[in-house]
Amino acid sequence: MTFVELNFLIFIAITALVFYICPVKFRWLVLLASSLVFYGIAGVKYFPFIFVTSFSVFLAGRGMGRIYENMDKTIAEGEYDRKEKKALKDAAKKKCKKILVLLLILNVGILAVIKFTRFAVGPLNSLFGLLGADTHFNAAWIIVPLGISYYTFSSLSYLLDVYWKRVDYEKNYARFLLYAIYFPHILQGPIERYGKLGQRLKQELRFDYDRFCKGMQLIVWGFFKKLVIADRIDIFISGVYDDFRHTSGAMFLVAMILDVVYIYADFSGCMDIARGVSQMFGVELDLNFDHPFSAKSVTEFWRRWHMTLGGWFKDYVYYPISTSDLVKNIGKACKKKELPDWLTRSLVTVIPVTVTWVLTGLWHGTGKTYLAWGIYYAFMIFMSVTFGDSFKALGRKLNIKMDTWSFGVFQMIRTTCIFAGGRLLTRPGTLWLSKYALKTTFTDFKVWTLFDGTLYKYGLNEAGFRLAIIAILIFGIISILQLRGVSIRDSIGRQNIVFRWAVYLLAIFAVIIYGIYGPGYDAASFVYMAY
Amino acid sequence: MKKKNILKAIAFICIFVLIFNYISNVFRAKWLVGCSETYMMEEFYELEDNSIDVCILGSSQMVYGMSALRMLDKYGISAFGTATGSQPMLCTYFYLKELDKTQDFSTAILDISMLYEQEEDSRFRKTIDNVPFSKNKLDLIWEYTKGSDLQEKWENIFSIFQYHSRWDELEQGDFDYENMESSLFKGTALRGEVRNDIIYEDIVTDGGEIDSELTMNENQKKYFVWIVDYCKENDIHLVLIKTPKRSWNRTKQLGAAELAEEYGLDYLDFNSKELVEAIDLDIPKDFADPDHLNIRGTSKLTDYLCEYLLERYEYRDSRKEAYYDEAEMNRFRADFENKWLRTETDAVAFLKLLQGSDYEIALQASGDISAGLSDEIKTEFANIGIDVSEIKDNYVAYIKDDKCEYKETATEPIEYIGKFSDGKSFKLLSDVTDIESETKTYVAGNKTAYAMRGINMIIYRADSNKTIRCATLYVDETGTMRLR
Amino acid sequence: MEELLEALKRANSKVDWMTDKKLYTDKVIDSIDMTSILAELEETFDIEIDMEYIVPANFDSVDAMWKMVQELMD
C-alpha cells in the first residue's frame, strides 16, 4: 500500500476511528496494531526481518543500559578516585562496545546484503559457472522488506544513543517495536530518534479538533504536491530520457530543471502526508525539509534537504569519524607542521566527508550512479570547506558585495544548480545517459524547440503542461510565504468560515480532478472513448 | 468533541458530498453522439410506478427492433426498452432487476444476440456510470470486478476516479446535457435509413452451414441463465427472439434454439425463412444497415410480436393510463412520419406521402425531364401543385399545402432565395448548362442536394425547423425512374 | 576559563566566542570547527571527550563548555 492510494485513505479513516474510540491509555496499542496490519499488508514475509532487527536492538539496548546502570550504582556506592572511576567506566564501555559491534554487524549486515546482493547475482553465477556448477541465482529471490533502510537506521540510532548514554534504554519491547514500525514513517521516513519520537509516542494522545483538522489539511497539501505536480512532470521527464535519441538540448535542460522540482514535490509531498497522518493522531514527526532552495551553500542545503537523513549521518557517521583518533592525529600533525589554516581544514575533513557522502550515496541506491553521486557531493563539500574562505576573500578583493539580496539569489541559484547536477547523475538511470544529456545540452541546444510545441510531445499535452506550471507557481508562492514566517494553515484558519471552507474544498477537488491517477492515465487498460 | 465541532464537521462533509456528486455528473463521459445509455436511463427514472407491462431487453437490435410507442399507439401495450449497444448479459440482468424495482411487468422480450459476442469493458462502464447508486449497482460492480483488486471497485463506484482526467476536454454538452435532444421514446428508437444492398441470403439462415468451432460466450451464457431464473422466480413470461441481421447464422440459430428448449422458453428467430415470410420482411427495403432494421422492418416486427403476445397473454389498455403522454405521442408520430418519408424508395408512394401533409417543399430542376416521367408521376406532381411539363430549361418552385406558392421558369440560370414558413432561408440554383456544379440547393447556407440531373426536392418541416429529406427524382441509363 | 578561551581561539580565531547566540544550535560553529575545538580541548586539558558529551547542551556557550571540561577533569 502506498500513500497515494484510496485504500490508504480508508486505512487511515478506520484507524483514526478505532484510535479515538479507544481509551487514552491504550491508544498507543492501536497505533502498534495498525502499524503491524499496515506492514502485514505490504507482505507478511517481511515480518521476520523487522522482528529480528527490532528485537535484537531492543535486547542489546537493555543489555547496555543495565551495564551502565550497574556501573553508576557501583561508582555511587563506593569511594573511588578519578583514575579508578575512569577504569570502571572504561570497563563498562568495553563490555557495551562488544554488544554494539555485534549488533552493528548483524543489522548493517542484513541491510547491506539485501541492498547489494542484487549486484552479486550476476558475478556469482559467472563464478560458479567457471567452477563448473550451473547455478541460476535470481535477483528476484531477494526479499526487500518494506522500509528496511528506515527502520534499520532508526534502530541503529537508538543503539548508538544508548551506547553514548544519550537516551535511557527502553524497558518495554512493545513500545520499542511501535517506534521502529510506526506506519506513517516507515515508508519514506523521516528518520526519527528514540529520544524524540519514542517519547512523543509515550505521551497522552488526546483528541484536539484543531490539530486533527490541520493534519488532514497537510495531507491534502501533500497529495497536491505528489499527485498534481510531481507525478505530472514526471511524465515529461521520463518521456525526455526515454526518447533521448531524438531529444534536443533544450528539452534536456527543461527536464533537468523540472527534475529538481519533481524530486522536491514528490518527496516533500510524501513527507507532508506522513506528517499529516501522524498529526491526526497527535504525534509530531520531525521536519524533513526546510525550504532547501533558499540555501546559499551546499552544506546549508543538506541541512535543509532530507534533514533527518543528513542529521543521522552527521551524528552517527561524521562526528564519530571526525572525533576518532585517526582524524585527531592528522589534525595534530598538521598543527605541528604549522600548515596554513585552509590546508589543515581540508586534510582534517577529507576522510569524514568522503566516507559520509559515499555512504549517503549508497543509502539512496546501489549502483554506479549512486556511488558517483556520493563522490560528487563529497567533492563539492570538500571544495566548499577548503576554498570557501578563499572565495570570500577573492570576492572582497573584487568588491563584490555579498550581503545584497541579489547576491543571495545568485548563491541560491548556484546551490540549486549543484543539486541539479547531482540529480543528473542519478535520474537518467545510467552514467552514460547523464553524460549524453549534459553534452547534448551544449552541443545541440536547438532553442527553437522551446517554442515550437516540442514540449508537448513527451506525454504531457499543452493543457497538462500549463496546469503543471500553475501548480508549481502556487507551490512556489506558498513556499516563499512560509519563508517569511507565515504559517499557511494558521493563516487560513484565522479567516472566515466561508473562505476557509472554499479553500479546503478547492484543494481537495483540485487533487481529485487534476491528480495523476486512475485508468485515464493507464492507456493500455482503459479506453473510455471506445465505441 | 464539542458539539459545535461535530456540527461543523457534518456540514463540511455534506457540502463536500454535494459538490462531489455534481462534479461526478459533469465529468462522466456521456457519449452524446448516438449513445442511448444516458438518455434511456433519464427516461427510465421518470416512469410512473407500475405503468409498464412489457420489458424489452437486449442489445442495439432491440433499441431499433421494436417500437414501444407503436405498441402503445396501435395495440395499447405499455413497454420500455432497456436495450443498449452491445449490452453484456450481466448488464441486461441488472436492467431487468432495476426495472422490476418500480415496475410490475408481466412479460420480458429478450433478443439473444449477445450470447455469441464478447463482453466489452466500455459497455459495462457505460451502464455503471449512468445509473445512480443502489444495492443493485453494487452487485453489478462486484460481479463485474470479480478477481480485480479493491482499487478497481472504488473506481467503478465513484466514477469520478475514472473520468477526472477528462478535465481538459470538457465541453458544453457535459454541463448541459439535459437540454440535448434524444431520439429515444421509452427506450426505443426508429431508424430512418435504407440500405438496399442487403440480399435474402444475407439474412435467412435456413440451409446455412454448421460451424462446430463456434461456441457461445461462457460469461454471457452464465448471466443469461440468471435472467431466466429471475424471470421464473418473479412470474415474468420470458420470450426469446432474434431480430433479423446479417451477422447471424445457422450455427448460432441452432445453438440458441437448443438453449431455449433447455429452459422451456419460446424462441422466435426472425432469421428463419418461416418468420421472415410471416412478417412479410422486404429485405432490400426494411434494413437501415446489415444488422439493424429500419422503421419499416421495425414496424412489421413490432406488430407481429404484439399479436403474438396478445394471443397468449392479457394486457391492460395503457392508452388510458398515466403512461400515455399526449405530447410525447405527438412527437413520436411526427418522428414516425418523417422517418417513413425518409425510407420511402418508391417515387409514386413518396409523392403520395407529401400530399396533404405539413411538409414544405423547395424544388429545383433543370433540363427537359418530363419525357422520362410516367403518367402516374405526372399526376402525383400535379397533386402537389407542380406541372412537370413546365420544366424545360431552368425551374425553381416553393410548395406549401399542396399549392405552388412560388415558381420561376427561364432559359437563363435562376438563383432563388426563399424562406420556409418558420423563417429559415433556402437557396435554389438552376443552370441547365452547368452539369458539373455539385450543389444546386442550400438550406440556411448549407449544401443539401447532389448534382443530379433530375428533380431535386428539399422536404422541410417548419414546426420542428428541420430538413427531413433531400430527395432527387431522376431517370437512369436504363430509363427507370429512381428516387434517391 | 582563560585557558579555555585561548584554546578556543586557537581552534578558530574568527568566531565571536562570547556571543549571545547558541554556538552549536544556531550554527555559529560548524562541524569542522567542532573537530578543531575537540582536538584543542582534549590536548589543552588532557581529557577525552567521548561521543556522549558531544551534545548541543555542552557546546552552546563557553560557560557550558567550561562546565563539561571541569566534569571531565574529575
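This report describes how chains, domains, helices and sheets are arranged in a predicted model.

The model is predicted, and local features are reported at pLDDT of at least 70, side-chain atom pairs at pLDDT 80 or more, while totals for chains, interfaces and linings use all residues. Residues are numbered from 1 along each chain as its sequence is written, and chains are lettered from A and ligands numbered from 1 in the order in which they are written.

## Chains and their contacts

Of the 2 pairs of chains that touch, chains A and B share the most contacts, where two residues are in contact if their C-beta atoms, placed from the backbone, lie within 7 Å. Chains B and C do not touch, and 39 Å separates their nearest C-alpha atoms.

The contact between chains A and C involves 18 residues of chain A and 11 residues of chain C. On the side of chain A that touches chain C, at least two residues come from each of α12 (307–322), α13 (325–336) and α14 (341–364) of chain A, and α12(A) gives the largest share, with 5 residues. Here helices (H or I, at least four residues) and strands (E, at least two) are DSSP runs, numbered from the N terminus. This side of chain A has 7 nonpolar, 4 polar and 7 charged residues; in that classification Ala, Val, Leu, Ile, Met, Phe, Trp, Tyr, Cys and Pro count as nonpolar, Asp, Glu, Lys and Arg as charged, and the others, Gly among them, as polar.

## Domains of chain A

Chain A is assigned domain 1 (6–203), domain 2 (208–289 + 429–531) and domain 3 (291–427), with bounds that come from an automatic or database domain assignment. The centres of domain 1 and domain 3 of chain A, taken over C-alpha atoms, are 29 Å apart. Their contact takes 12 residues from domain 1 of chain A and 6 residues from domain 3 of chain A. On the domain 1 side, the elements that give two or more residues are α4 (82–130) and α5 (148–163) of chain A, and by class that side has 6 nonpolar, 3 polar and 3 charged residues.

## Two helix pairs

Two packed helices are described by the angle between their axes and the distance between the axes. The axes are lines fitted to C-alpha atoms, for helices over the stretch in contact, and angles run from 0 to 180 degrees between N-to-C directions.

| Helix pair | Angle | Axis distance |
|---|---|---|
| α1 (6–21) and α2 (27–42) of chain A | roughly 155° | within 9 Å |
| α1 (2–11) and α2 (31–45) of chain C | about 140° | 8 Å |

The angle in chain A makes α1(A) roughly antiparallel to α2(A), whereas α1(C) and α2(C) are oblique to each other; angles under 35 degrees count as roughly parallel, over 145 as roughly antiparallel, 65 to 115 as roughly perpendicular and the rest as oblique. The crossing of α1(A) and α2(A) is right-handed, and so is that of α1(C) and α2(C). A crossing is left-handed if the near helix is turned anticlockwise from the far one by less than a right angle, and right-handed if clockwise.

In chain A, the residues of α1(A) that meet α2(A) include A:Phe11 and A:Phe19, and those on the α2(A) side include A:Val30 and A:Phe38. This contact has 5 nonpolar, 2 polar and 1 charged residues. In chain C, C:Glu3, C:Leu8 and C:Arg10 are among the residues of α1(C) that meet α2(C), where the partners include C:Asp33, C:Ile37 and C:Glu40. The contact of α1(C) with α2(C) has 5 nonpolar, 2 polar and 4 charged residues.

## Two open sheets of chain B

An open sheet of 5 strands follows the order β2-β1-β3-β4-β5 (chain B), with parallel pairing; two strands pair if DSSP finds at least two bridges between them. Its edge strands, each pairing on one side only, are β2 (79–81) and β5 (266–269) of chain B, and neighbouring strands are turned by 20° against each other on average, direction ignored. Strand β1 (54–57) of chain B pairs with β2(B) over 3 bridges, and B:Val54 stands opposite B:Ala79 in β2(B). Helix α5 (89–102) of chain B lies across β1, β2 and β3 (107–111) of chain B, at about 160° to β1(B).

The other open sheet described here has 6 strands in the order β10-β9-β8-β15-β16-β17 (chain B), with antiparallel pairing. Strands β10 (403–410) and β17 (481–483) of chain B form its edges, and the average turn between neighbouring strands is 15°, direction ignored. Between β15 (455–461) and β16 (466–475) of chain B there are 7 bridges, and B:Met457 has B:Ala471 in β16(B) as its bridge partner. Helix α16 (326–342) of chain B lies across β15 and β16 of chain B, running at about 20° to β16(B).
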